[in-house]
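Colleague: I am new to reading protein models and would love some company. Could you take one part of this predicted model and walk me through it slowly?

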Amino acid sequence: MKKLVIAFSILVMLPVMAAAQKPLTFTASENVTYDDNIYLTKDDTKGSVISTTRVGAQYAANIPGSGLELSANALVGYNAYTEKPSTNNYWDTLAGVQLQNDYMKLGDRFIYTSDPANSALTDRAKRVQNVGYLALKTSTEKTFGLGITAEDIFDRYMKSAWSSLNRNRVNLGAQAFYNVSPKTNFFVEYVYSDIHYADNDVNNSTGGSVGLGVNGQLASKVTGTAKLTYDMRDYKNDLAGAKNYNDMVGYLAALEWQPTEQNVIKLSGQRQMEETTAYVGNPNRYFADTLVSLYGSQKIYDKWTASLTLSWENMNYSREYSDGTKRNDDLWSVRPALDYQFEKWLSAGVWYQFRTRDSNEDWAKYDRNQFGIYAKALF
C-alpha cells in the first residue's frame, strides 16, 4: 500500500512537467431530485427533495518528449435533503490520476461517499475506497502479445458498526493476446486475488478467475469488450452452513453500437461474486451478482437528446436456510431522460427513474420513484 501512495504522489506532481494548449477544464452542476423512498423500505416510506451541487476539474496533457499522457480529475459534491437533513445530508468526493501510453497505464482512484441510511433512526454509512492500478502490455502491431495487471482495492467504513466490511483486495493478472489488427484482439487471462478483512476473519479468502474474450473494434460500428469467466474462491475459515470453496461461471460485456452520429446503443453487463456480510437470520459471505443494462440515445434537432436506460440485476445469496432456500433479489429499473445542449459548455435536462426490488424476503421488497432536473456547465 505504501508503494501505491508513493506512486500516487509522484503522479500528482507530474502536471508541472506536462504541456498542452488547454489542459485544464472545470465543471459545475446542480441536480434537484424528488425521491419518494429514500430509505428503500417496503412500508412507512419517506420522501425528500434532494439538492446535489458539484464542482470539479479535469486535466489532460502530453508530457513533452516522453510519449506519455497525464490525466487527472477531481469532483466534490454536497447532497442536501429536506427530510431529516442532520442525518441524510452528506459530502462526496471523487479523485483520480492516470499516466498512460499505448503499452502502459498507471493510476489511482479515490472515492469518499456514504451509503444511504436504512431508516430515520440510523445514520448514513460513510466510507472511503482507494484503487491503485498498473497495466502493461506489448505492442499491438505484432500478432501475439502479453500483458500483466496489478490492482489494490482498499475499502474502509468510518463507523465501527460497519467494520465487518473493511477489507483490502489485491488482484494480480496475466494476459495473452492474439491481435487480429491493431484495434482488435482475442485474449485469455488469469487473475489471482487475495481478500483480507480487517475485522472479519471468516470472510478472508483467496481465489482466481480465468477469462476468455475479445476487445476493441468488433465490427464497423461496434466497439467494446466481451468475455466469459470462470471464478473460484476459497475461504480460509469455516462458517457454519457455508462452503469454503465456491465457483461460478460469469461474464463481462461493455459494447457500444453507433449506427449514425445521431444515435448510440450501449449494452453492458456482468456476473461475478460480490462480497457481502448481509445478515438477517442467515449470515452470507458473498452473493452471485448478475447485471444487464441497455442504454439508447437519439439526437433530435441537434440540440435535444432523448435517452432510455433499462436494467435488471439479480442477487443470489450464498447461504441456504433450513428449508434449503436462499435469499434471492431481483432489481428492475427504467430511466428515460431528455437533455438540451444550449452551447458546447452548457447543458440541462430532466429525467425520471423507477426502480423496484422483488425478493423472497418480504421485508426486502420496495418500489422507488425519482424525478430530477439538472444543469451543467463546462469552462
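**A close look at one hairpin**

Modeller: Happy to! Let us start with β14 and β15, which form a hairpin with three residues between them. Find Y301 in the turn: this residue has a positive phi of about 55°. Please keep in mind that everything here comes from a predicted model.

Now follow the two arms away from the turn. Strand β14 covers residues 286-300, and strand β15 covers residues 304-320. The two strands run antiparallel and are joined by 14 bridges. To see one of these pairings for yourself, pick L294 in the first arm and look across to L310 in β15, its bridge partner.

Strand β14 has another partner too. Strand β13, residues 263-275, runs antiparallel to β14, and 13 bridges join the two. Here you can look for Q270, whose bridge partner in β14 is L291. So that you can place β14 in your mind: it pairs with β13 and also with β15.

A good residue to pause on is G296, which is found in strand β14. Is G296 buried or exposed? Its relative accessible area is 22%, and because buried means under 20%, G296 counts as partly exposed. Setting aside residues up to four places away in sequence, G296 touches V264, I265, A306, S307 and L308. Two of these names, V264 and I265, fall within the stretch of β13, while A306, S307 and L308 fall within β15. The contacts of this glycine therefore reach into both partner strands of β14. For a sense of distance, try G296 and R156: they are 140 residues apart in sequence and 35 Å apart in space, C-alpha to C-alpha.

Once you can read this hairpin, you can read another one. Strands β10 (residues 205-219) and β11 (residues 222-235) form a hairpin with two residues between them. They pair in the antiparallel sense over 14 bridges, and T206 has D234 in β11 as its bridge partner. Strand β11 is also joined to β12, residues 245-260, by 13 bridges, again antiparallel. In that pairing, A226 sits across from A253, its bridge partner in β12.

For a contrast with G296, go to S347 in strand β17, which covers residues 346-359. This serine has a relative accessible area of 12%, so it is buried. Leaving aside its neighbours within four places in sequence, S347 is in contact with Y340, Q341, F342, Y374, A375 and K376.

Finally, step back to the whole protein. Its secondary structure comes to two helices and 18 strands. The C-alpha trace spans about 65 × 50 × 40 Å along its principal axes. A compact globule of 379 residues would have a radius of gyration near 21 Å, and the protein has 22 Å, which agrees. Buried residues make up 36% of the 379. Among contacts between residues at least 6 apart in sequence, 52% join residues at least 24 apart. The protein exposes about 21,000 Å², with carbon and sulfur atoms supplying 60% of it. As for charge, there are 39 positive and 41 negative side chains, and the centres of the two sets lie 4 Å apart.

Conventions. Residues are numbered from 1 along each chain as its sequence is written. This is a predicted model: local features need pLDDT of at least 70, side-chain atom pairs count only at pLDDT 80 or more; totals for chains, interfaces and linings use all residues. Side-chain values use heavy atoms; hydrogens and water are left out. Helices (H or I, at least four residues) and strands (E, at least two) are DSSP runs, numbered from the N terminus. Buried means under 20% relative accessible area, exposed over 50%, partly exposed in between (1.4 Å probe, protein chains only). Contact means heavy atoms within 4.5 Å. Two strands pair if DSSP finds at least two bridges between them. The radius of gyration is taken over C-alpha atoms; the globule rule is 2.2 Å times the number of residues to the power 0.38. Accessible areas come from the Shrake-Rupley method with a 1.4 Å probe; for residues, only the protein chains shown count as cover. Lys and Arg count as positive and Asp and Glu as negative; His and the chain ends are not counted. The place of a charge is taken as NZ of Lys, CZ of Arg, CG of Asp or CD of Glu.
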